[in-house]
Amino acid sequence: MVQSVERAFAVLDALGRGPAGVTAIATRLALPKSTVSRLLSTLEELDAVERTADARYRIGPGMTALAAGDVQ
């Protein structure tokens with residue numbers, strides 16, 4: 001199993017339960033904040049997550065489109 005892919009999916013799963021900040025996600029997943037921050041940055045570039053006005057993250061439009069089968 002590729003660890004970075006597994007961790008990225010864990011972050012997405014955590015956000016599937018509602019918006020959260022880096023610290024909350026890192027705590028929930030028992031991962032270093034720096035790792036979670038890097039993963040979120042990459043996922044944000046891919047539109048898989050988006051940052052809210054209060055600096056929390058939530059599932060982004062890319063994941064919503066993927067889940068709906070609406071990707072091109």
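**Helix packing and the core**

Biologist: At what angle do helix 1 and helix 2 pack?
Modeller: The axes of helix 1 and helix 2 (lines fitted to C-alpha atoms over the stretch in contact) are 10 Å apart. Taking angles from 0 to 180 degrees between N-to-C directions, the two helices pack at about 115°.

Biologist: What pLDDT do local features need?
Modeller: Residues are numbered from 1 along each chain as its sequence is written, and side-chain values use heavy atoms, with hydrogens and water left out. This is a predicted model in which totals for chains, interfaces and linings use all residues, side-chain atom pairs count only at pLDDT 80 or more, and local features need pLDDT of at least 70.

Biologist: Are helix 1 and helix 2 roughly parallel or roughly perpendicular to each other?
Modeller: Roughly parallel would take an angle under 35 degrees, while roughly perpendicular covers 65 to 115. Helix 1 and helix 2 pack at about 115°, so the label is roughly perpendicular.

Biologist: Which residues in helix 2 does helix 1 meet?
Modeller: Helix 1 brings Ala-10, Val-11, Ala-14 and Leu-15 (contact means heavy atoms within 4.5 Å) to this meeting. By class, the contact has 6 nonpolar, no polar and 1 charged residues, where Ala, Val, Leu, Ile, Met, Phe, Trp, Tyr, Cys and Pro count as nonpolar, Asp, Glu, Lys and Arg as charged, and the others, Gly among them, as polar. On the helix 2 side, the partners are Ile-25, Arg-28 and Leu-29.

Biologist: And at roughly what angle do the axes of helix 1 and helix 3 cross?
Modeller: Helix 1 spans residues 3-15 and helix 3 spans 33-45, helices being DSSP runs (H or I, at least four residues) and strands E runs of at least two. Ser-4, Arg-7, Ala-8, Val-11, Leu-12 and Leu-15 meet Thr-35, Leu-39, Leu-40 and Leu-43 here, a mix of 7 nonpolar, 2 polar and 1 charged residues. This pair is roughly perpendicular too, its axes coming within 10 Å and crossing at roughly 80°.

Biologist: How far apart are the axes of helix 2 and helix 3?
Modeller: Helix 2 (residues 22-29) packs on helix 3 at an angle of about 115°. Val-22, Thr-23, Ile-25 and Ala-26 make the contact with Lys-33, Val-36, Ser-37 and Leu-40, giving 5 nonpolar, 2 polar and 1 charged residues. The axes are apart by 9 Å.

Biologist: How many residues has the largest nonpolar core?
Modeller: Such a core is a set of buried Ala, Val, Leu, Ile, Met, Phe, Trp, Tyr and Cys residues joined through side-chain atoms within 4.5 Å. Val-11, Leu-15, Ile-25, Val-36, Leu-40, Leu-43 and Val-49 have the most contacts inside it, and helix 1, helix 2 and helix 3 each supply at least two residues. The number of residues in it is 15.

Biologist: Which residues does Val-36 touch?
Modeller: Val-36 is among the core residues with the most contacts. Leaving aside residues up to four places away in sequence, it touches Val-22, Ile-25, Ala-26 and Leu-31.

Biologist: Now the loop between helix 2 and helix 3: what is the positive phi of Ala-30?
Modeller: Ala-30 sits in that loop and, at 68% relative accessibility, counts as exposed (over 50%; buried is under 20%, partly exposed in between, with a 1.4 Å probe and protein chains only). Although not a glycine, Ala-30 has a phi of about 55°.

Biologist: What about Asp-47, what is its phi near?
Modeller: Asp-47 lies in the loop between helix 3 and strand 1 (49-51). At 43% relative accessibility, Asp-47 counts as partly exposed. Its phi is again positive in a residue other than glycine, near 65°.

Conventions
Angles under 35 degrees count as roughly parallel, over 145 as roughly antiparallel, 65 to 115 as roughly perpendicular and the rest as oblique.
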